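Thank you all for coming; I would like to take a few minutes to walk through one structure with you. Please have the sequence and the model open while I talk.

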Amino acid sequence: GIRDAQESRGLGDVYKRQEIVVSHALESLAVQPGEHVLEIGPGKGLAIPELLQVGPGRLYLAELSPLFCEQLKSREDLQDVLELKVECGDSVQMSWLGDGVVDKVLGVDAVSYTHLR
């Protein structure tokens with residue numbers, strides 16, 4: 001059945017599909033150099049390399065999972081990003097999000113984790 005087909009595909013297929021979706025989302029978002037970007041639910045950070053290539057003005061990462069949040073904070077490719085803010089917790093509760101500090105918002109598959117809690 002459907003469950004057997006999903007299990008036989010394995011996690012590799014899931015991550016590959018996520019990479020494709022993130023790439024398409026970033027293409028549609030068309031981030032320009034210097035724009036301030038918020039990513040809600042970056043997870044393992046699939047969008048980060050492409051975002052860093054563009055050169056965002058500020059990069060805000062709002063991650064609900066404590067594990068992913070700690071992994072994001074320790075990523076080597078983020079250590080030299082001067083305008084970086086990694087927030088752990090529910091993005092709805094982050095008061096700074098309503099301050100008009102971002103130009104673009106990316107949220108790919110951000111709701112799946114909330115259903116697992």
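**A walk through the sheet and its disulfide**

Let me begin with a pair of strands: β1, which covers residues 36-40, and β2, which covers residues 58-63, run parallel to each other and are joined over five bridges. If you would like to find this pairing on your screens, V37 has L59 of β2 as its bridge partner, and I40 is matched in the same way with A62 of β2. I should say at once that what we are looking at is a predicted model, and please keep that in mind for everything that follows.

Now to the whole sheet. It is an open sheet of four strands, paired in parallel, and its order is β3-β2-β1-β4. Which strands stand at the edges? They are β3, residues 84-88, and β4, residues 104-106, and because each of them has a single partner strand, one side of each is left without a neighbour in the sheet. As for the twist, neighbouring strands here are turned against each other by 15 degrees on average, if we ignore direction. Packed on this sheet is helix α3, residues 66-73, which touches both β2 and β3, and whose direction makes about 160 degrees with that of β3.

Let me step back to the chain as a whole. It has four helices and four strands, and if you read along the sequence they follow the pattern α-β-α-β-α-β-β-α. Of the 117 residues in the chain, 27% are buried. The chain exposes about 7500 Å², and carbon and sulfur atoms supply 52% of that area. If we consider contacts with a separation of 6 or more, 60% of them come from residues 24 or more positions apart.

Next, the cysteines. The structure holds one disulfide, and it is formed by C69 and C88, with their sulfur atoms 1.7 Å apart. The link between C69 and C88 is left-handed, with -80 degrees about the S-S bond. What does this pair tie together? C69 lies in helix α3 and C88 in strand β3, so the disulfide connects parts that are 19 residues apart in sequence. The two cysteines also differ in how they are covered: C69 is buried, with a relative accessible area of 0%, whereas C88 counts as partly exposed, at 38%.

That brings us to the residues around this region, and I would start with strand β2. Five of the six residues of β2 are buried, so this strand is largely enclosed by the rest of the structure. One residue to look at is E63, which is placed in strand β2 and which is buried, with a relative accessible area of 4%. The side chain of E63 reaches the backbone nitrogen of S65 at 3.0 Å. Leaving out residues up to four places away in sequence, E63 touches a number of others, among them both cysteines, C69 and C88, as well as L72.

L72 itself belongs to helix α3 and is buried, with a relative accessible area of 1%. Its contacts, with neighbours within four places in sequence set aside, include L61 and E63, and also K44, G45 and I48. The C-alpha atoms of L72 and C88 are separated by 9.9 Å, and these two residues are 16 residues apart along the chain.

Is R75 buried or exposed? R75 is found in the loop between α3 and β3, and it is buried, although its relative accessible area of 19% should be read against a cut-off of under 20% for that class. Apart from residues up to four places away in sequence, R75 touches K44, G45, I48 and P49.

I will finish with a backbone detail. Most residues other than glycine have a negative phi. A30, however, has a positive phi of about 50 degrees although it is not a glycine. A30 sits in the loop between α1, residues 2-29, and β1, and with a relative accessibility of 35% it counts as partly exposed. Thank you, and I am happy to go back to any of these places on the model.

Conventions
Residues numbered from 1 in each chain as written. Predicted model: local features only at pLDDT ≥ 70, side-chain atom pairs only at ≥ 80, totals over all residues. Heavy atoms only, no water. Pairing = 2+ DSSP bridges. Helix = DSSP H or I, 4+ residues; strand = E, 2+ residues; numbered from the N terminus. Axes fitted to C-alpha atoms, helices over the stretch in contact; angles between N-to-C directions. Contact = heavy atoms within 4.5 Å. Buried < 20%, exposed > 50% of the residue type's maximum accessible area, 1.4 Å probe, protein only. Disulfide = S-S within 2.5 Å. Areas by Shrake-Rupley, 256 points an atom, 1.4 Å probe, with all protein chains shown as cover. Polar contact = N/O pair within 3.5 Å; in protein donor to acceptor, adjacent residues only side chain to side chain.
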